Amino acid sequence: MARRRVAVGVVVAALLALGGYLLFRPAASGTGAVGTGIGRPAPLFESTDLQGRPVRLAADRGHPVLLNFWASWCQPCRQEFPIFAQLRTDRPDVAVLGVVFQDSYGSARQFMADHRATWPGVRDPQGQIATAYGVQPKPGIPQTFLIDGSGRLVARHLGPFTSETDVVQFLRQT
């Protein structure tokens with residue numbers, strides 16, 4: 001009887017682990033994830049940027065939005081930063097919002113100033129924006145979400161973009 005309980009417990013634990021994996025794993029294409037709300041309205045938020053100005057996701061309705069979770073200490077984030085800067089020059093119709101993830105606002109503000117960012121660095125003091133989008137320390141950042149002009153969450157990209165071409169291809173999903 002005790003062996004049977006152990007066996008049932010092992011099977012239940014394995015099924016729970018498998019269910020968790022299937023719920024949060026990236027899709028095969030790398031652009032979506034089960035459980036991130038792809039295809040649904042993007043979670044709305046209101047916050048402030050690193051200079052204290054209000055930022056509302058709804059204010060960018062009518063334009064595609066790249067919602068990028070980043071930090072100044074994140075090397076892959078630092079490497080993709082110039083790609084977003086070039087994109088803002090080439091595609092002014094695309095809004096970029098950079099949500100600061102587990103970083104000091106002073107460091108993030110300095111990094112954005114040093115690199116002449118033309119998009120807001122969004123504060124997320126309690127991690128509510130990250131939680132709403134399913135961004136966690138593992139698998140980590142950068143993570144970028146594509147929101148279409150109607151406010152629908154279209155795609156998720158886990159990891160850094162390596163070229164502007166990659167970002168433009170990502171944007172074609174809108």
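Mentor: Start with residue classes. Ala, Val, Leu, Ile, Met, Phe, Trp, Tyr, Cys and Pro count as nonpolar; Asp, Glu, Lys and Arg as charged; the others, Gly among them, as polar. This is a predicted model, where local features need pLDDT of at least 70 and side-chain atom pairs pLDDT 80 or more, while totals for chains, interfaces and linings use all residues. Numbering starts from 1 along each chain as its sequence is written, and side-chain values use heavy atoms, without hydrogens or water.

Trainee: Which residues line the largest cavity?

Mentor: A cavity is a set of points on a 1 Å grid over the protein atoms alone, where a 1.4 Å probe fits but cannot get out; lining residues have an atom within 4 Å of a point. Here, the lining is Ala42, Leu44, Leu57, Ala58, Asp60, Arg61, His63, Val65, Ile147, Asp148 and Gly151. It splits into 6 nonpolar, 2 polar and 3 charged residues.

Trainee: Which elements have the lowest and the highest mean pLDDT?

Mentor: pLDDT is the predictor's confidence in each residue, from 0 to 100. Elements are DSSP runs numbered from the N terminus: helices (H or I, at least four residues) and strands (E, at least two). Helix 1 (residues 2-24) has the lowest mean, 43, and strand 5 (residues 121-122) the highest, 98. Over residues 6-35 the pLDDT is below 50, yet the stretch has 23 contacts (heavy atoms within 4.5 Å) beyond near neighbours in sequence. For the protein, the mean is 84, with 79% of residues at 70 or more.

Trainee: What is the strand order in the open sheet?

Mentor: Strands pair if DSSP finds at least two bridges between them. The 5 strands here run 5-4-3-6-7, with mixed pairing. Strand 5 and strand 7 (153-158) are at the edges with a single partner each, so one side of each lacks a neighbour in the sheet. Strand 3 (residues 65-70) and strand 4 (residues 95-100) are parallel, joined by 6 bridges. Phe69, for instance, has Val99 of strand 4 as its bridge partner.

Trainee: Where is a cis peptide bond?

Mentor: Most peptide bonds are trans, and most residues other than glycine have a negative phi. One cis bond joins Ile141 and Pro142, with omega about 0°. Another runs from Lys138 to Pro139, with omega near 15°. Pro139 sits in the loop between helix 4 (128-132) and strand 6. Pro142 is also in the loop between helix 4 and strand 6.

Trainee: Which residue has a positive phi although it is not a glycine?

Mentor: Gln102, at about 50°. Look for Gln102 in the loop between strand 4 and helix 3 (105-114).

Terms used:
1 Å grid on protein atoms, 1.4 Å probe; cavity = no way out; pocket = protein on both sides within 12 Å on 5 of 7 lines; lining within 4 Å.
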